[in-house]
Amino acid sequence: MAPLKSLEQDYPILDSNFQSFCASHDIFSVEDLLLHDLYVLAAFAEQESSSERLKRGITQVLSIIDGQHQPWLNGMELLEDVQRNKHVLSTGCDGIDLLLHGGLRVGQLTELVGPSSSGKTQVCLLAASNVAKKHIGSVVYLDTGNSFSPQRVTHFICQHSDPAIDQAEHRTLQKVMNNISCKSVFDIFTMFDVLHQLEFNLRSQMQGGDCKVQLLIVDSVSSMVTPILGGSGSQGHALMISAGYLLKKLAHEHNIAVLVTNHTVGGDGGISKPALGESWKSIPHVRLLLSRDHGGSICNVSILKHPSMVESFASLFTMCAIDLPLSLSLGFSITPFTPYGISFFFIHPF
Amino acid sequence: MEVGRLPISASQRGKLIAAGYTTLSSFSSLSPSHLARDLKISDNEAAEIMRVASHSRRLDGSAGGCGTVNGAQTAWDMLHEEEMFPRITTSCVDLDNILGGGINCKEVTEIGGVPGIGKTQLGIQLAINVQIPVDYGGLGGKAIYIDTEGSFMVERALQIAEACIEDMSECGGLLRKDFQACQLKMHPNNILENIFYFRVCSYTEQIALINYLDKFISEHKDVKIVIVDSVTFHFRQDFDDMALRTRLLSGMALKLMKLAKDFSLAVVLLNQVTTKYIDGSFQLTLALGDSWSHSCTNRVILYWNGNERYAYIDKSPSLRSASAPYSVTSKGIRNSASNCKRIKMM
C-alpha cells in the first residue's frame, strides 16, 4: 500500500491538507492508517477546520483498503463454484486417475515428487497430450530442463496409427499440438514474469472457446528454487512461497489445474525425502510420490498428501508400464474394504 | 507483494517495503530522485530499480494470443524445428542407434562411468565429429572443450582427427564420385583449430567460465557443442558447505540449460561415479548426489560388461532405455568388434 502522497493523483480528496493532518499523527502510508485508532483520528478531525473533508478523506482511504481483499463467499456459493467450474481432468493413465478419483482437479496444485528418472516428466507429457486431445482447452508447459519432447507427445496422441500418414490424422494432430504451448524458463524471476503475463491475459480475454487454458505444468519447480534457497538471506524462501501462492491463485481464480514436479534429496537415515523443505510441504494440495525399480519399466505411484483421502491407508500402489510406443496401461483389481466405518479402496495388481 | 518478484537485491527490496511501496504501480509515477530521497539510496540505484519495475510492468501488459504467454512455442512448431537440427554422431553405429541418431542439440547430456571406460575419448570424438561438414551429414560447427582434470591429450585428438578425415574421404569416395572437386580441404590442423580449449583449476574458475560462455558463444556463433570434462571434479573434494555446493551446482546446471536452448547447441557433461547404498546393496551411481541428477536432460552410463564396454541410457524424455556395446580403438570410438551386434532392450 502506497504512501498517502502517491494516492493524491487518483483520489484528489487526499490533498496536502489531509496529508499534513495525517502526518501530524505520524501517519504516512495506508498501512499506518490501518494501525491507527480510527475513532480517535475522527475525533481529532472534528476539531480541525475542514473536518468534513478530512472525514471524507478517511472514508476514501478505508474504501481503497476494502477493495483490496477477495469478496466474502458463503458455503452455497463455494459449492456452486465447485460444481460448475472445478471439474476433473484425466491424466491419461488409468492407474493415476483411479488413485486421484478421476484425475487432476481444476483449482488445485498437484505435485509429483520422485527421484531421478522415475517418470515425472513422462506423466507431465502424458497429461499434457491427454488434456489437449480430449478436453477443449489448451496447455501451458513451463520447462526448466529442455525435457519437453514433441515426439513423445506425438506418440501419446497418435497411439493407434502411424503419425502423419493419414491426411485427416495429420490435421487433427496439428490442431491438438497447437493447443500445447511450451516455454523454457531458467530462473524464478522469468517464471514470475511469465505467470503474471498469463494472469493478465486470462483476466482480459473472453472466456470459453478453444483458447481457454486448462492445464499449467511447471517441470520442474525445484530446479528453479534450489539455487536461491538457503544461504544467508531469506529472500529465496520468500520467492518460493510467493511462487507457490501465485500458482494456487491462478488455479483457483482462472479454473486451471496446475501440475508441478519436484525432486528428492537424502534425508535422515538415508531415506530420501522431497526437496524444497518443510515450508513447501503445505503448498501443494495433492502430493504424489513416484518411484521406479532400478532398470525396470514399472513405476509406483503413492499419495503423500491429499485433501480428501486418508494417507495412512494410502500406500495405494498402482502400476503403470511406461513403454515406447505404447501408452500407459494398467492391470489391477479392486476390493472394497471397510474398517472403522471409513470405506476406501485397496488396489493391488494381479 | 508485487515488489517481491523484482530481481533486485534483498536490501533494496527491504527499503522499498519499509517506505510503503509494495506494488509496482505505487512508485512507477515517481521520479528517480524522489524515490532515492524516500529510500535514502543513490540516484543511480533508484533509476535502476525503476527501470527493472517498468520492464516488468511492460511485460505484464503486453498482449499474447489466446491466453498463451509471450515467447512460447506450440508443440507443433517445436516438432518441426527438431527435424531441422541434425544430431552429432558418436562414430559408433550401435551407440548412435540407441541415442536416436546421436547427441541432440538443445539438450544437456550427462555421460558418466568408471575411470578408464572412455569418457574423455568419447568427449574428444564428439568434439571432432561436430566439425563434420554439412555435406557429409554433420553440423559443420566448432567445439568448446572445458578440461577440469587435465586429461585432454592433443596427440590423441590429432590421431582421432586424422582417422575421421580418412573415414570421410572413404565415404566421399564411395558416394559422390563426382564431388572430387570439392573434396574436403580438411586437414587435421584445421580440425584442431576449431576446438576451443579451456583449462580450469578450481570451482570458482569453472563457474566464472560458464558465466562467460554466454558472451563467448555470441561472438563465435558456429560453436555447436560444449563439452565439460569432468563437471564434478572440483566439487567433490574440500567442500565444507554442502548447502553452498548444492546451490552452486543447480545454478550452474540452469545456466548450461539456458546456453543449450538459447544457442541451439549440445552440452555434454562428463561425470565420475561413486557408490551408493540402495535397497540393501552398494550400487554405482553418478557423483554429486540426488540434486545434480536432475540437472541433465539425458543421462548415459558407461560400464564394463565382462570385457566389453557398454553404454546404457539411464534417463531420457524420449528415448527408450537400452544398452549398446562400443569400443575404443586407435581411431577413436568405434563399433564393438564382437559378433553379438544385437542391442539389448532393458
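## Arg334 and its partner

At 14% relative accessibility, B:Arg334 falls in the buried class. This is a predicted model, and in it the side chain of B:Arg334 forms a salt bridge with that of B:Asp167, at 2.8 Å from N to O. B:Arg334 sits in strand E12 (residues 332-335) of chain B and B:Asp167 in helix H8 (residues 154-175) of chain B, so the contact links parts that are 167 residues apart in sequence. B:Asp167, for its part, is partly exposed, with a relative accessible area of 27%.

## Other salt bridges

Over all chains, the structure has 14 salt bridges. As background, side chains of opposite charge can pair when their charged atoms come close.

One of the 14 joins B:Lys106 to B:Glu81, again through their side chains, with an N to O distance of 2.8 Å. B:Lys106 is in the loop between helix H6 (93-98) and strand E2 (108-113) of chain B, while B:Glu81 belongs to helix H5 (residues 75-84) of chain B, so this pair ties together parts 25 residues apart in sequence. B:Lys106 is buried at 18% relative accessibility, whereas B:Glu81 comes out as partly exposed at 24%.

Then there's B:Glu110 with B:Arg299, whose side chains meet at 3.7 Å, N to O. Here strand E2 of chain B supplies B:Glu110 and strand E9 (residues 298-305) of chain B supplies B:Arg299, so the bridge connects parts that are 189 residues apart in sequence. Both of these residues are buried.

Over in chain A, salt bridges with shared partners knit A:Glu199, A:Arg203 and A:Lys249 into one network.

## Cysteines without disulfides

If you go looking for disulfides, you'll find zero of them over all chains. A disulfide, remember, is a covalent bond between the sulfur atoms of two cysteines. Take A:Cys182: the closest cysteine sulfur is in A:Cys124, and at 11 Å from the sulfur of A:Cys182 it is too far for a bond, given a cut-off of 2.5 Å.

A:Cys182 is also buried, with a relative accessible area of 4%. In chain B, B:Cys164 is buried as well, at 6% relative accessibility.

## Helix H12 of chain B

Helix H12 of chain B covers residues 242-263, which makes 22 residues. From its first C-alpha to its last, H12 reaches 32 Å, close to the 32 Å expected at 1.5 Å a residue. Right after H12(B) comes B:Ser264, and the phi of B:Ser264 is positive, near 55 degrees.

Definitions and conventions
Residues are numbered from 1 along each chain as its sequence is written. Chains are lettered from A and ligands numbered from 1 in the order in which they are written. This is a predicted model: local features need pLDDT of at least 70, side-chain atom pairs count only at pLDDT 80 or more; totals for chains, interfaces and linings use all residues. Side-chain values use heavy atoms; hydrogens and water are left out. Helices (H or I, at least four residues) and strands (E, at least two) are DSSP runs, numbered from the N terminus. The expected span of a helix is 1.5 Å times one less than its number of residues. Buried means under 20% relative accessible area, exposed over 50%, partly exposed in between (1.4 Å probe, protein chains only). A salt bridge is a side-chain nitrogen of Lys or Arg within 4 Å of a carboxyl oxygen of Asp or Glu.
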